[in-house]
Amino acid sequence: MNAWIIAIVTVIVAPFIGGFLAGIDRRITARLQGRFGPPILQPFYDFFKLLGKSKIAASRLQLMWIYAYLVLMITALLFLVLRLDILLMMFILGFAGVCFALGGFSSKSPYSHLGANRELMQMLAYEPVLLLLALGVYAQNGSFLISQIYASPTPLISRLWPIFIALLVILTIKLRKSPFDLATSHHAHQELIKGIMTEYSGPYYALIELTEWYEIVLLLGIVSLFVANPLWVGIVIALAAYLLELFVDNVTARMTVGWMVRFVWAVGITLCILNLIWFWVFAAIKGVS
Amino acid sequence: MLPYNWMMAVAILLPVVAAVLVYIIRQYHARGVIVILAAIALIVNSILFLLHGKDTFSPANAQMWDMVVTVLDYLILLFYIYVGISLKNWLVLIFALTQIIPLAWFEFGMGGRAALANVSPTFVVDHLAIVMCLVISIVGSLICVFAIRYMYDHEHHLHLEKSRASRFLFWMVLFLGAMNGLVFANNLIYLYFFWEVTTLICFQLIAHDLTKEAIDNAARALWMNSIGGTALIIAMVILFAKGAPLSLDGILSGGVASAVLLLPVALLCFTGMIKAAQLPFQSWLLGAMVAPTPVSALLHSSTMVKAGVYLVLRLAPAYAGTRLSIMIALVGAFTFMAASGLAISQTTGKRVLAYSTIANLGLIIACAGINTPLAITAAILLIIFHAVSKGLLFLCAGTIEHIIWSREIEDMEGLAAKAPLVTVIFAIGVLSMFLPPFGMLLGKWMALESASTIPLAAWLFVIASAATIVFWAKWLGRFLQVLPKLGAKIESLSLSYTVPLWLLVLGIFGVGIGVASVYTGLVQNAVADVVTSGQALAVQGWGLTVNGYSAVSSTANFAVGNYPVWPLFIVFAIAVLIPFIFVAIKPGELRPVYLCGEQAGGTDTDEWYSTADVKTKVQLGGYYFQGVLGEAALNPWTYTLSIVLMVIMFAVALLAMGGAL
């Protein structure tokens with residue numbers, strides 16, 4: 001019964017947190033750019049305005065995939081709050097990403113097509129890091145269950161800090177921030193229009209916004225796992241990571257897709273693997289002695 | 001219930017009889033009825049095997065059957081020599097000679113024949129063999145039913161003067177019997193015989209269309225698998241020379257093989273790896289894609305290539321805990337990664353399927369190499385799930401080919417509007433290959449959770465997983481690029497197409513949702529045939545739990561992982577089915593896509609005003625990254641690394657042997 005309450009509360013509360021964070025993002029970004037910026041609650045105003053717009057679509061298919069995108073994102077978040085299997089959570093998050101990309105493919109739109117292909121390239125870049133993160137959790141705790149992360153007295157960050165750094169890089173991609181706002185962007189880019197989201201409008205676009213809010217909460221939740229005891233430290237770290245992403249967004253220029261894949265594989269995956277090698281060697285030494 | 005010798009006869013000999021009938025009777029409908037009846041008989045029979053459970057079998061007049069096997073063995077090898085000479089393909093000839101000469105010398109010179117005749121029982125039908133028998137009989141039979149109509153359309157399209165469909169179906173149906181024999185065989189000479197029969201049928205079916213490409217590729221499949229046959233014979237010779245029994249249960253009886261016997265075990269695994277088209281032997285399977293699609297579905301994804309992984313898996317206890325086991329895991333994991341990466345660059349649908357098959361076989365072999373109870377469970381589940389999903393995808397590819405008469409991915413753009421039914425089935429097949437809640441993902445999840453003992457394999461899995469997402473999603477994406485129209489007309493297809501397709505879809509959901517029952521009723525026993533220590537997976541509530549078995553903390557008493565099967569299927573139903581049913585959209589709500597305001601018309605056109613206001617069609621092209629991930633760019637690396645891995649694999653076995661002497 002308890003799990004049901006946690007699940008329901010999460011589904012209701014998470015979008016408010018996500019939307020609020022998105023509002024803070026817009027305000028801070030505006031200040032960094034020398035603008036005053038919208039009210040903090042602006043994302044919610046936008047959301048309800050979008051809901052009231054007339055329904056317009058470029059095909060029926062594209063709508064199916066974004067519903068799946070939303071449902072799967074919520075499922076991944078529920079895996080986090082119900083403290084289930086972290087590896088499986090990453091796969092579900094991957095499914096959500098695939099659905100979003102397929103939604104982008106579901107119309108004969110050049111911009112959407114370009115964005116969807118770039119979305120897949122982003123997945124090629126970040127998916128290994130997320131899965132290696134799960135392997136790192138196992139290496140430290142001997143279990144893939146998130147509940148074990150909370151039960152463990154040693155915080156993940158003490159031994160998994162290289163993977164944590166890799167996660168910060170991934171966060172930039174997942175939050176669609178520069179230098180990796182390739183598939184779509186929060187800022188206007190002429191050659192991209194709105195990329196993978198170009199063909200969505202009105203209530204359907206609102207649905208994507210909503211999914212993004214869930215995603216922000218999920219991603220920051222994953223960051224907070226690195227200091228799960230006490231949880232408030234983890235949350236502070238997650239918020240600090242979010243702020244860091246905003247600064248990175250505003251001081252970097254967008255790079256190419258190829259550069260992104262090479263960079264993430266060269267830096268992110270290498271960090272993760274070095275981290276895991278360390279565990280392996282450590283375990284071998286411990287086994288010998 | 002049938003007597004056991006009748007069940008064996010139905011499994012192995014009934015397909016032979018049905019094949020001969022199909023060959024003689026050249027009338028389309030009568031032939032179809034025979035195939036369907038044989039299919040039903042085989043399916044029922046395989047379920048009888050399941051109900052009967054583990055057993056052994058030796059034919060009554062063993063001497064006669066031994067003679068039949070021997071005569072046919074040499075006839076097949078003489079046929080290979082004939083093929084080598086008539087095609088002037090020296091590789092075929094050489095590897096036919098490397099089989100026939102040692103075999104004759106072994107059987108008649110060394111006295112191996114007497115030793116082989118003494119092997120008892122001839123067949124061992126344990127639970128792992130029953131799993132394989134079910135896959136062969138159910139998925140294989142459905143593919144044969146699909147082939148009835150497929151070959152009719154195929155020949156109609158080619159404008160053949162004289163139908164060769166009888167010949168085609170003859171080999172297809174015969175193949176089912178050979179596969180059953182292969183997985184039941186315990187006596188190594190019977191194993192070798194059925195192995196050679198599958199190689200022969202593979203050659204005949206790849207060459208079926210008799211184009212130059214088809215014959216060349218068939219010859220390549222032949223000589224590569226002949227290397228495998230040669231390795232099998234050498235393994236027999238070494239076993240005999242060391243006084244070891246010439247049967248699979250004999251090799252496995254003492255648990256881990258003594259260091260002296262590790263080399264024959266490695267050779268047998270090598271034979272399996274070639275059949276499973278592991279790198280560097282992938283080219284024969286890629287070439288095999290020229291064959292009509294039912295061949296690819298039956299031989300090159302669902303069953304024959306599974307014989308390779310079956311043999312590696314079967315031998316897992318013999319190399320458990322040795323360095324050979326680690327090398328097998330690495331060969332498989334490397335194949336999984338490299339083939340997944342190469343699949344991204346493929347522009348032909350069937351080649352993507354081929355690479356994906358090679359990759360998944362690599363994953364299964366890697367699981368055998370990891371060799372923990374969890375990994376073995378993953379391997380057996382993957383064999384089942386992969387056969388169903390990949391069988392379906394190949395049949396989809398065949399159906400699509402007969403709708404658009406092309407195998408190119410670029411020609412499949414917007415197929416969701418032209419062929420919505422096949423698109424939906426294809427989408428289910430694709431999603432079931434790499435996403436939760438479907439079985440393949442469950443298998444991959446278990447593989448990753450078990451891979452901690454060989455970290456390098458786990459890292460290769462991770463990279464392969466990412467590549468898998470890309471090549472499937474971008475292919476499916478091409479299907480979906482449609483104009484804003486509603487009410488696509490559902491295409492009409494022959495029942496011979498749709499019945500196998502829908503049954504396989506049903507199978508995907510059946511084994512996916514019922515995975516707990518599949519595990520407890522079938523796979524658990526099969527795992528116990530391979531590994532005896534501990535049970536890694538437990539059914540708990542609506543899901544599966546990985547038990548606290550861990551290399552990291554031996555004191556762990558908590559669960560390692562948890563996979564809520566039914567909740568995930570409920571989520572899947574909510575995510576995909578509910579919008580599918582309830583998202584209504586009115587024609588007036590459709591708009592053409594954004595083309596910077598230069599759209600030349602309404603929703604019915606995809607043209608825009610280009611330079612000088614010339615109407616131009618929007619053209620989209622898929623991404624293939626051939627410069628970075630193409631065969632030309634990657635193959636020098638993949639060949640070098642995979643050959644190095646194979647050499648180390650043998651070096652490890654030889655060193656163990658050398659150390660023991």
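This talk walks through a structure with chains A and B, beginning with how the chains meet and ending with some local backbone details.

Before anything else, please keep in mind that this is a predicted model, in which local features need pLDDT of at least 70 and side-chain atom pairs count only at pLDDT 80 or more, while totals for chains, interfaces and linings use all residues. Residues are numbered from 1 along each chain as its sequence is written, and chains are lettered from A and ligands numbered from 1 in the order in which they are written.

Let me start with the place where the chains meet. The contact takes 57 residues from chain A and 56 residues from chain B, where two residues are in contact if their C-beta atoms, placed from the backbone, lie within 7 Å. On the side of chain B that touches chain A, at least two residues come from each of α22 (439–450), α23 (455–479), β5 (561–563) and α26 (565–582) of chain B; these names refer to DSSP runs numbered from the N terminus, helices being H or I of at least four residues and strands being E of at least two. Helix α23(B) has the largest share of that side, with 14 residues. Sorted by class, that side of chain B has 42 nonpolar, 9 polar and 5 charged residues, with Ala, Val, Leu, Ile, Met, Phe, Trp, Tyr, Cys and Pro counted as nonpolar, Asp, Glu, Lys and Arg as charged, and the others, Gly among them, as polar.

Now to the inside of chain B. Its domain assignment gives domain 1 (1–297) and domain 2 (320–583), and such bounds come from an automatic or database domain assignment. The C-alpha centres of these two domains of chain B lie 26 Å apart, and the contact between them takes 32 residues from domain 1 and 45 residues from domain 2. On the domain 1 side, α7 (127–158), α12 (262–275), α13 (283–287) and α14 (293–302) of chain B each supply at least two residues, and α7(B) gives the most, with 14 residues. By class, this side of domain 1 has 23 nonpolar, 6 polar and 3 charged residues.

What is the size, in residues, of the largest nonpolar core? The largest nonpolar core has 363 residues, and those with the most contacts inside it are V173(B) and C367(B); a nonpolar core here is a set of buried Ala, Val, Leu, Ile, Met, Phe, Trp, Tyr and Cys residues joined through C-beta atoms within 7 Å. For the word buried, the rule is that 20 or more other C-beta atoms lie within 10 Å of the residue's own, whereas 12 or fewer make a residue exposed and anything in between makes it partly exposed, with C-beta atoms placed from the backbone. Helix α19 (residues 373–404) of chain B gives the most to this core, with 20 residues, and the core draws at least three residues from each of domain 1 and domain 2 of chain B. Leaving aside its neighbours within four places in sequence, V173(B) is in contact with several residues, including P15(B), V22(B) and C144(B).

Next comes a sheet in chain B. It is an open sheet of 3 strands in the order β3-β4-β5, with antiparallel pairing, and two strands are said to pair if DSSP finds at least two bridges between them. Because β3 (537–540) and β5 of chain B stand at the edges, each with a single partner strand, one side of each is left without a neighbour in the sheet. There are 4 bridges joining β3(B) to β4(B), and 3 bridges joining β4(B) to β5(B). A hairpin is formed by β3(B) and β4(B) with 2 residues between them, and G541(B) in its turn has a positive phi of about 60 degrees. In a regular strand the side chains alternate between the two faces of the sheet. Along β4(B), L544(B) and V546(B) point to one face and are buried, while G543(B) and T545(B) point to the other and are not.

Finally, the backbone details. Most residues other than glycine have a negative phi, and most peptide bonds are trans. The peptide bond from N229(A) to P230(A), however, is cis, with omega near -5 degrees, and so is the one from S120(B) to P121(B). L210(B) has a positive phi near 60 degrees and is found in the loop between α9 (188–206) and α10 (212–241) of chain B; L210(B) counts as exposed because it has 9 C-beta neighbours inside 10 Å.
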